[in-house]
Amino acid sequence: MFTGIVEEVGRVVRLETKGDSAVLTVAGPHTAAGVRAGYSVCVDGACLTVTHHTEDQMSFDVMAETLEWTCLGQLVAGDEVNLEPAMRADARFGGHVVQGHVDGTAQLVKRADAEHWRVLRFGLAPELAQYVAMKGAVAVHGVSLTVSAVSGPAPEPWFEVSLIPTTLANTVLGRLATGDVVNVETDVLARYAQNLASFAGCQTRGDHR
């Protein structure tokens, strides 16, 4: 599990496509120093397993499912990525519950700079919009953020987040330009609530078939 607090911005060394999968190698000295083979790292919001590592690099197998649901397959050498190692049980919980299970991608459709912050508006698939609520939590490229505005039900729904200077400086979100695509993970609590609601009335007491 992760919290959406990015610990390091890494740099893609290479993405090797192997049929319907790929091997992603990322340089990130701070993160690489604390991992072993089998450890989990959140890379731009996607939970990946370390397969090999050196003092400053990590490699991950990226399966077809991950390539389909995320934009990791679009990475090229030199691209920057957000990195967060898995949360320790005794660590401070600074963000919100982030599983690293990306729900889909969203495109940056509007960017507005204020004096001390930046507002980003992302277009969202209608099937995901129901899980994004005003003042709720959302992970964008693995960064824990608070939703500052939503379109509500609409043919082309969107949501906005407001970024402080620290977030702009210490994550890849500060480099985004209009048209860029990001990984999005909606609040797991919203997804569980929707799933429970879909089963409401399907079971009677004592019937657990």
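**Exercise 1. How many aromatic pairs does the structure hold?**

Solution: the structure holds one aromatic pair, where rings of Phe, Tyr and Trp (its six-membered ring) pair if their centres lie within 6.5 Å. Before going on, note that this is a predicted model, in which local features need pLDDT of at least 70, side-chain atom pairs count only at pLDDT 80 or more, and totals for chains, interfaces and linings use all residues. Residues are numbered from 1 along each chain as its sequence is written, and side-chain values use heavy atoms, with hydrogens and water left out.

**Exercise 2. Find what lies over the face of Trp-158.**

Solution: look for a charge over the ring, meaning NZ of Lys or CZ of Arg within 6 Å of the ring centre and within 35 degrees of the ring normal. Arg-121 fits, at 3.6 Å from the ring centre of Trp-158.

**Exercise 3. Describe the surroundings of strand β9.**

Solution, step by step:

1. Start with the strand, a DSSP run of E with at least two residues, numbered from the N terminus. β9 spans residues 137-140; Ala-137 and Ala-139 point one way, Val-138 and Val-140 the other, and all are buried (under 20% relative accessible area, 1.4 Å probe, protein chains only).
2. Next, take its partners, where pairing needs at least two DSSP bridges. β10 (residues 143-150) runs antiparallel to β9, with four bridges, and β12 (residues 181-186) is antiparallel to β9 too, with three bridges.
3. Now follow Ala-139: Ser-144 stands opposite in β10, and Glu-185 in β12.
4. Finish at the hairpin of β9 and β10: two residues lie between the strands, and His-141 takes a positive phi near 55°.

Note on methods
Buried means under 20% relative accessible area, exposed over 50%, partly exposed in between (1.4 Å probe, protein chains only). Rings of Phe, Tyr and Trp (its six-membered ring) pair if their centres lie within 6.5 Å; planes under 30 degrees apart count as stacked, over 60 as edge-to-face and the rest as tilted.
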